[in-house]
There are 2 protein chains.
Amino acid sequence: MQWVRHFSEGSASERDLLGGKGANLAEMTRLGLPVPPGFTITTDAFRALRANGNQVPDSLWEETTAALTSVEQTLDREFGNPHCPLLLSVRSGARDSMPGMMDTILNVGLDDFTVEGLAALSGERFAWDSYRRLIQMYGRVVLEVEGELFEEILTKARKDAGVSHDHELDAEQLKEVAERFKSTIEEHGAHFPHDPWDQLRGAVMAVFRSWDSPRAIAYRRSHDFPEDAGTAVNIQAMVFGNIGAGCASGVAFTRNPNSGAAGLFGEFMINAQGEDVVSGVRTPLSTDEMIDNSLFSQAHAELLDVARKLEQHFTDMQDLEFTVERGKLWMLQTRTGKRTASAAVRIAVEMASEGLISRETGVRRVRPEDIESLLHPQIDRTQEVLVLAKGMPASPGAASGKAVFTPERAKEMGEAGEAVILVRNETAAEDFPGMERSKGILTARGGMTSHAAVVARGMGLPAVTGCSGIEVDARHGRFWAGDEVVFEGDIITIDGTTGQVIRGEAAMTKPGLGDEARVLLSWADGIRQLGVRTNADTPADAARAVEFGAEGIGLCRTEHMFFAPGRIEAMRRMILAQSDPERIRALADLQVFQTADFAGIFRAMASRPVTIRLLDPPLHEFLPTTEAEVHELAVEMGIDVSAIAHIVESMREVNPMLGLRGVRLGMTFPDVTRMQARAIFAASLTVSSEGVEVHPEIMIPLVSTPEELREQRRLIEEVATDVFSRAGRTVPFQIGTMIEVPRAALVADKIAGFADFFSLGTNDLTQMTFGLSRDDAARFLPSYVEQGVLADDPFQTLDQEGVGQLVQLATERGRLTKPDLSVGVCGEHGGDPASIHFCHHAGLDYVSCSPFRVPVARLAAAHATLEARDCPPTAD
Amino acid sequence: MQWVRHFSEGSASERDLLGGKGANLAEMTRLGLPVPPGFTITTDAFRALRANGNQVPDSLWEETTAALTSVEQTLDREFGNPHCPLLLSVRSGARDSMPGMMDTILNVGLDDFTVEGLAALSGERFAWDSYRRLIQMYGRVVLEVEGELFEEILTKARKDAGVSHDHELDAEQLKEVAERFKSTIEEHGAHFPHDPWDQLRGAVMAVFRSWDSPRAIAYRRSHDFPEDAGTAVNIQAMVFGNIGAGCASGVAFTRNPNSGAAGLFGEFMINAQGEDVVSGVRTPLSTDEMIDNSLFSQAHAELLDVARKLEQHFTDMQDLEFTVERGKLWMLQTRTGKRTASAAVRIAVEMASEGLISRETGVRRVRPEDIESLLHPQIDRTQEVLVLAKGMPASPGAASGKAVFTPERAKEMGEAGEAVILVRNETAAEDFPGMERSKGILTARGGMTSHAAVVARGMGLPAVTGCSGIEVDARHGRFWAGDEVVFEGDIITIDGTTGQVIRGEAAMTKPGLGDEARVLLSWADGIRQLGVRTNADTPADAARAVEFGAEGIGLCRTEHMFFAPGRIEAMRRMILAQSDPERIRALADLQVFQTADFAGIFRAMASRPVTIRLLDPPLHEFLPTTEAEVHELAVEMGIDVSAIAHIVESMREVNPMLGLRGVRLGMTFPDVTRMQARAIFAASLTVSSEGVEVHPEIMIPLVSTPEELREQRRLIEEVATDVFSRAGRTVPFQIGTMIEVPRAALVADKIAGFADFFSLGTNDLTQMTFGLSRDDAARFLPSYVEQGVLADDPFQTLDQEGVGQLVQLATERGRLTKPDLSVGVCGEHGGDPASIHFCHHAGLDYVSCSPFRVPVARLAAAHATLEARDCPPTAD
């Protein structure tokens, strides 16, 4: 076994053995970059030590001595030799980065003799400052003397000297400090070793020991890092950015990590060590300022060259640490740099355009959540805010506005041009006009896929739901958050990305899907196999979705069209009609509206398929709820208030989700199906006569038996025959069904006999498969996810283990009957990356999601294809 | 092809060819019984005729002539010979009995000459009466002259003669009638044939033609009889029960069809034809009166002998028709006799005891619905009643009582000893105390498995649910049924067997599971493989179920225990507790009640397994709903009314069935699980110390993930360890789960890892698999069944096509993990015969049903075993 590896012997691929830092130092050395010489004690040594009762392997120190000799020879210095002292840094370095969790000791090799030698070479003050740093670090880390004691000595020294910062202490004062440090260590029964070799061995053992520090253990647990991987130890010659003129330390990114712009982006600090740059005592300068500084211009040119080489070598943006010692550049670290979402996109696109990476790699480099975060306004995290409460991050983005507590008020103020946030216990279909006029939605109940959440995401409105920390008192127009009260008209900000509810107007950053994102997504389109459609109910939504790249509408909900003023009245007349002529008149009115709506959508989608779901919600959702509304309606219809109240009451349902809705409406009121079919065909004829191709796909919701679909299909085909024969023209159309009831999935082979397509309504399918209403889940679902009873909220990420079985069953059985059956997903999951991966593997044809998630879905679908290429599925 | 078969050539096994009547006449002939000679034109002839454009096959009339010659020789009479005329009956006879749907012509062979011969032989009046009957029947049936015309002639004749019945007309008057009949036929362009052979051919063709009469077609459709089976034609020598002394006609059963008692049970009428006995013009006499009548005693002895022979031969009770012509017995028909439920049971048991049939056959002969109908009071169908409306037959049996409209009133009046019928729009858990005191339940909403229906069946209370024809106005204490109003206190009767709601107190017949039924069910127990348990929540229910043969409790719902006064308060304090000590106190109170309840049930079930389901319903079901109750509770708990109102409001759910209930309660409030487990173990220890074996099986409801069961199991096992270690004793126990959520069935292999048993909750499983709330289904489910969209109400009969897949999946996957896993069904389907057959075939261990359905389930389970023996399942 070889326990020690020179940097020149390793490479970046040996992270397991050398740790991340060691491997990258080795790689830079191998590339011929200016890395201070050194070596790594491997993780094998760590594991051997642990296996051997914390005894170091026999040959470890011998190998260390040999390796150190080689470093001495390279630098022409000698460890422990006062005339040409070699100082060392001893740093931890595990495979997975655990920033700040383990220990580091710098300046190892200084003692009462070598400090004098260093003073002679590099100045008194520098030497004694370095020495006191070693004693302090060593005392605390290796000898485990309370760090506070050293700070007290320093504080006293500053006070005695009448200065306020350590760097203002002079050599004599620092020497005094060093002496006091040593006495303190002795007083605590420990001893600062004067033999540099003892120092080195003690430092190495301390680094190994720090693997087991409570904070390191906690960090590994929270990041799921393996407990037995262990750390390597990097021993490297010290270089100094703080020995006067021509010295500096700095950090740099090979591209701008905020904007993604090409070109070095860094900061440096003259006459400082790395820790000074990070601590923020002084303000660092831009690395650009090195260019015109004669002491650093050469180092800057070298740094540019190194940066270019490293980026080329690692083919990704790098985060660098460097030191300039008397004009000479030394590289201390390189790693892949973190970046913002927009930087990620720009870097990926530009690197691919430069030919540095393939377009495929560019696509891989951007996460779906990056694309998503480009699209929603964000609260500026640098500003202080007063957080009132925290709920679920139901629809991303942030919004500020006046709190209002009824949809009516939201509509009224919204139409008057005011920014309002609608605050409710929960929302329902009839709140839509008010929601539409709000800038954001806040609900005390409901989860990530409650009505409020779904509608908000559909409209791209920020929403926070299930915010159990607030108590809504709509009657008095106020809500409490603990002791805080927010009255109607008070300004609040909600952050649908984090779930925060904030008092006042928080500062925002601007969103946007820029040119680079468009390019990247076009590459993703070239890769993905899964189609991406959108859920859109209006021409405006449809147009926006097309702009975001939607290839069709996968779900057009027709009921939202009925809630608009002027329409809801006709809908109510239809529901409450006391005679056939009355009902027929109301239906005729609705048909006019629907025909116009569909025509608008067909035009917006120009030649793309449009899947229209027939009326789905329980009819009572359309009925008036307030006494005033009931009264108004009674007058309008010329019937008794009590008669209306009676009908409203008789239509109340115990479990509306499982009641008279979906296809059950069409079966019970076939005239409604006929009216909708007539409107679809009439609109199709109109728009196709304008020269626009139309592809209506009529979708029957909530089917649980093949017979329901057969009956509805028959009705619709009769209407088609009638409308087309009157017009003397036809348009192609399809009739299909939602698969959203478990039974439909189970008998999908039989249902497919009457279906041209399936659309998996995974929202309802999840609700029914779990026996869990999303509107009622807020009281326990979050704790289920927290306790690990559920890995994810099944309304956000498709439950592959359970619901996924039904998705696969429906697809397989449907295609058993019709091998070419088109199968899509139109639930909320259509916009969730993990669920999109599942849909890809399940062999679906497309996903459909809200317009704002279309770009996310395009990218996630491409990732699914790439992942499948990497790891082809194995046969069971 | 042979188109004609002598009776002596056929047998009972040739129903397809000879029709039911012809086959049985042949069988009797073959047995040497006194059957008037004759022959059958086969259904082959019918089909040949149809295939040949209604042309008779060439040889048909030749064969008929030959067969008739043989009849003439046997009787020494001649067809068409006035000196010794042979008269014939020509009757239809299809494979499947279609009573009264096709035609018959009697006395064929009479004309103006033979009638004189007959008069000489048998008297003037008889001859002319026979002749006018032939002309009338022939005219109507064969010649298709309006029957009304003949009735008018008869009416006029009676009027002219000054008599009121046809049999009071004398020979001369009948001769006159016959002449007028013939004139009428002539006037309508038809002709009554005088050639007997023409008569015969016309009659045969008319019988064939009657297969296509509209009423025959309708009957076949409604009974699913094949359209192309066709009818045979039976041609038989006439015998006469109406030619004076020693003549009679009668019908008899070989055993009493009402009571099942052994011994001939029949009626006869002297000097009458069969049609006179049926028409009820005169009152017939008991066949017992033949014994002491010298003219009939010999025939009676013969009849007894024939009856004994036929019963022995067919090994079932027979329904006979006979004629005595001048002292000689002639048998005209035999068939298996219809019987009441109690007769079916007694006959089966007695025949098996006599050795006539095997016990197995006895068990097969009784239908599960027969057993069921023994247990519930029945409305006497012979009495006139005023039916107000008709709903669903939700819980069988009938009950009368005063209509009341609130559970409070029901309880109050019920406790005062009054019979009340609780009338509600629908019922909820809190109505239980009122329901318990009622004689029956009537609801305007809800289906066969609504809360009202389930609870009623559990208690053996009659119930009519989903009665949409009534409008309940509880506030004013009344309901409407059309224009009828029923006020509180008015007596009504409900029939849970038919769904009828009747004004006033209808007469009832008495129920009872007699000794014979007990014997029969013990035989069934020896055959069946499926276990039968009961759903019982109280010691009284448990005791009743044991009496009915339950082998254990498959479902003990613990929540009903909480609704009793003195308990609901503790439950509410637990739910509303503002502090831990308060909650702990409330739980301690509840634990005392539960321990006592469980001990009572364990004693009642003595050594049989008892499956106890932990708390299932949403907690808000326990909270007060009226202002008065809220106020009372606030005073009791010393908190603000508005605070309680606020909590009640915050616990309201949109879809309670899919909300915070079942295991979700146990996960959210683990102390409730602990309390219930503690009560179960404490009760187990107490009862086992009394020397009674206890087998508690703790069941966790509504599980959808394995993790839920794992967590609850851990809690319960901790409690067990604690309770048992304190007591220094243990009792064996099991922990299992309901499979009632589709996801649970899908991941049953994983759930089985933590389950000792599965109980399939097919009620909820059906609701969730269909996405259909049983409480909301009443508005469309009946029309679905009517339209054939669904074959059956899936809440009554398990939906094998859809839900059945999940039942099988859960069983198979559960046993994949644990091959010996016990799997039962505890939904409403556990008492439904068709569903029980499915459970048998799915390999379940037991079904569990309400106490009153236990006997039904025992019999149905035996039938399932027998059916599987007859038709072993084939491999797919």
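Which residue's side chain meets that of A:Arg743 in a salt bridge? In this predicted model, the partner is B:Asp799, with 2.6 Å between N and O.

**View 1. A:Arg743 and B:Asp799 at the interface of chain A and chain B.** This salt bridge is one of eleven counted between the two chains. A:Arg743 turns up again when we look at area: together with A:Leu658 and A:Arg779, A:Arg743 is among the residues of chain A that lose the most area to chain B, and the three account for 14% of what that side buries. Between them, chain A and chain B bury about 4,800 Å², with 51% of that on carbon and sulfur atoms.

**View 2. The two-fold relation, seen around A:Asn655.** Turn chain A by 180°, shift it 0.1 Å along the axis, and it lands on chain B with an RMSD of 0.2 Å. That is what a two-fold axis does. Within chain A, the residue that comes closest to the rotation axis is A:Asn655, its C-alpha sitting at 2.3 Å. Both copies use the same surface here, as 100% of the contact residues of chain A recur in chain B.

**View 3. The side of chain A that touches chain B.** Here 51 residues of chain A are in contact with 51 residues of chain B. The polar side of the story is 32 residue pairs in polar contact across the interface, both partners at pLDDT 80 or more. Several helices of chain A each bring at least two residues to this side, including helix 23 (641-651), helix 26 (706-727) and helix 31 (803-817). Sorted by class, the mix is 20 nonpolar, 14 polar and 17 charged residues.

**View 4. A loop-to-loop salt bridge, A:Glu426 with B:Arg652.** The closest N and O atoms of this pair are 3.7 Å apart. A:Glu426 belongs to the loop between strand 15 (420-424) and helix 16 (432-436) of chain A, while B:Arg652 belongs to the loop between helix 23 (641-650) and helix 24 (663-668) of chain B, so the pair joins two chains. Both ends are partly exposed: A:Glu426 has a relative accessibility of 23%, and B:Arg652 comes in at 42%.

**View 5. A:Asp525 and A:Arg858, a salt bridge within chain A.** The side chains meet at 2.7 Å, N to O. A:Asp525 is in helix 18 (residues 515-527) and A:Arg858 in helix 33 (residues 854-870), so this pair ties together parts of chain A that are 333 residues apart in sequence. A:Asp525 is partly exposed at 28% relative accessibility, whereas A:Arg858 is buried at 9%.

**View 6. B:Asp490 and B:Arg503 in chain B.** The closest N and O atoms of this salt bridge are 3.9 Å apart. B:Asp490 sits in the loop between strand 20 (484-487) and strand 21 (491-495), and B:Arg503 in strand 22 (residues 500-503), 13 residues apart. Both are partly exposed, B:Asp490 at 24% relative accessibility and B:Arg503 at 27%.

**View 7. B:Thr184 in helix 7 of chain B.** The helix covers residues 171-187. At 8% relative accessibility, B:Thr184 counts as buried because the cut-off is under 20%. Setting aside neighbours within four places in sequence, B:Thr184 is in contact with B:Leu149 and B:Ile153.

Note on methods:
Residues numbered from 1 in each chain as written. Chains lettered and ligands numbered in written order. Predicted model: local features only at pLDDT ≥ 70, side-chain atom pairs only at ≥ 80, totals over all residues. Heavy atoms only, no water. Least-squares fit on C-alpha atoms with pLDDT ≥ 70 in both. Contact = heavy atoms within 4.5 Å. Buried area = accessible area lost by both parts, 1.4 Å probe. Salt bridge = Lys/Arg side-chain N within 4 Å of Asp/Glu carboxyl O. Polar contact = N/O pair within 3.5 Å; in protein donor to acceptor, adjacent residues only side chain to side chain. Helix = DSSP H or I, 4+ residues; strand = E, 2+ residues; numbered from the N terminus. Nonpolar A, V, L, I, M, F, W, Y, C, P; charged D, E, K, R; others polar. Buried < 20%, exposed > 50% of the residue type's maximum accessible area, 1.4 Å probe, protein only.
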